[in-house]
Amino acid sequence: MIRIEHVTRKYGPIAAVSDVSLNIERGEIVGLLGHNGAGKTTLMKMLTGYLEPTAGKITVAGIDVVTDRNDVQRQIGYMPENAPLYPEMLVQEYLLMMAELRGVAAERRQKAVGIAAGRTGLGHHMLRPIGQLSKGYRQRVGLAQAIVHEPSLLVLDEPTNGLDPMQIESIRELVRKLGEESTIILSTHILQEVEAVCDRVVVLIDGELSADAPLQELLASNVLRLVVADGDDVKAGLGGVEGIAAVQRTEDGPPGTASWAITCAPGTTPTPAVLAAAQRHGWTVQAVAPEQRTLESVFRKLQRDHIARGKEVAA
């Protein structure tokens, strides 16, 4: 549905987005992740036609965003980080206005607004001024205006920014439901947000594409963590064991123990062989289990790798 081909966007000499290429298929919920200033918002503004790429090409459903901007924007629902709401307007007035601006036919506007309000839980707030709503319900109004024309692509920029935990969970559930009918790109720097609702993760660091993979694949690990109360000879003792590619001492074990990271060969799970080796060498095993990766640990590693590549280039 979305094709982003070698896209770069510069502000003067600074590249906010640098040579990014990726494809997003219909029905995916994609988390666009990165630190503040990573280029997420710039990429989304190009995708939605608010900015033009300095180089490269973006198409939505085969339509070029630059040459046929209006046609593309008819298919997109966009909720910016700070949605442009009018506090003095009633919720219903605002959504009717947005439906008109988004090209919904006059005879369908009332129904379209009712559907959007129902999907976002605004049914009992339609005659209230927007300025009287809580932050969470104002976010819902922002979502409702983005879906009032039933777009095939929904682009959300920090949809839970500034919300309390209960409001965050409510918006997450709403995004999951919207994902049943639309392709969604959710931009955030909050890692838990991506883990909670996304199928796939795209990571930008300093404007460059650092990762693009299904969430479960990104979190998958081929490392076993072994913790023993004794056994400085673990590395030697595991040498030559089938299924083990590498063994490295780590510093994250409990006091009085030795912790080891065992890299497994592709397609292998050598836990029984590790336990057999421990028994042969008399190690007191306190724990052996697959490494539990988190999006935070993956993101930190991507950042370290990015910095290391930059130093290599500079050298």
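In strand β13, the residue that serves as bridge partner of R249 is W260, and this pairing is a convenient place to enter the structure, which is a predicted model. R249 and W260 belong to a longer ladder, for six bridges join β12 to strand β13 (residues 258-264), and the two strands run antiparallel. These strands are part of an open sheet of four strands, whose order is β12-β13-β11-β14 and whose pairing is antiparallel. Because β12 (244-250) and β14 stand at the edges with a single partner strand each, one side of each is left without a neighbour in the sheet. From one strand to the next, the twist of this sheet averages 20 degrees.

A helix accompanies the sheet: α10 lies across β11 (223-228), β12, β13 and β14, and its direction makes an angle of about 165 degrees with that of β14. Between α10 (271-281) and β14 (285-290) there is a loop, and T284 is found in this loop. T284 has a relative accessibility of 40% and therefore counts as partly exposed. Leaving aside residues up to four places away in sequence, T284 touches V227, V228, A229 and D230. With D230, the separation along the sequence is 54 residues, while the C-alpha atoms of T284 and D230 are 6.2 Å apart in space.

A pair spaced by 54 residues can be followed elsewhere too, in the case of Y50 and V104, whose C-alpha atoms are separated by 21 Å. Y50 lies in the loop between α1 (40-47) and β4, and because its relative accessible area is 56%, Y50 is exposed. When residues up to four places away in sequence are not counted, Y50 touches K45 and Y78.

The strand that follows this loop, β4 (residues 55-60), pairs with strand β1 (residues 2-11) in the antiparallel sense over five bridges, and within this pairing R3 stands opposite T59 of β4. T59 also has a bridge partner in β5, namely D64. Strand β5 (residues 63-64) is joined to β4 by two bridges, and these strands, too, run antiparallel. The hairpin of β4 and β5 has two residues between the strands, and in this hairpin A61 takes a positive phi near 55 degrees.

The path now turns to the helices. Two packed helices are described by the angle between their axes and the distance between the axes. For α3 and α5, the packing angle is about 30 degrees and the axes are 9 Å apart. Since angles under 35 degrees count as roughly parallel, α3 and α5 are therefore roughly parallel to each other. The contact is made by V91, Y94, L95 and M98 on the side of α3, and by V141, A144 and Q145 on the side of α5. In this arrangement, α3 passes α5 in a right-handed crossing.

Both helices also take part in covering another one, since α3 (91-101) and α5 (135-147) are included in what covers the buried residues of α4. In α4, the residues A112, V113, A116 and A117 are buried. Helix α4 itself (residues 106-119) has 14 residues and reaches 21 Å from its first C-alpha to its last, which is close to the 20 Å expected at 1.5 Å a residue. After α4 comes G121, a residue whose phi is positive, near 70 degrees.

Notes
Residues are numbered from 1 along each chain as its sequence is written. This is a predicted model: local features need pLDDT of at least 70, side-chain atom pairs count only at pLDDT 80 or more; totals for chains, interfaces and linings use all residues. Side-chain values use heavy atoms; hydrogens and water are left out. The expected span of a helix is 1.5 Å times one less than its number of residues. Buried means under 20% relative accessible area, exposed over 50%, partly exposed in between (1.4 Å probe, protein chains only). Contact means heavy atoms within 4.5 Å. Two strands pair if DSSP finds at least two bridges between them. Axes are lines fitted to C-alpha atoms, for helices over the stretch in contact, and angles run from 0 to 180 degrees between N-to-C directions. Angles under 35 degrees count as roughly parallel, over 145 as roughly antiparallel, 65 to 115 as roughly perpendicular and the rest as oblique. A crossing is left-handed if the near helix is turned anticlockwise from the far one by less than a right angle, and right-handed if clockwise.
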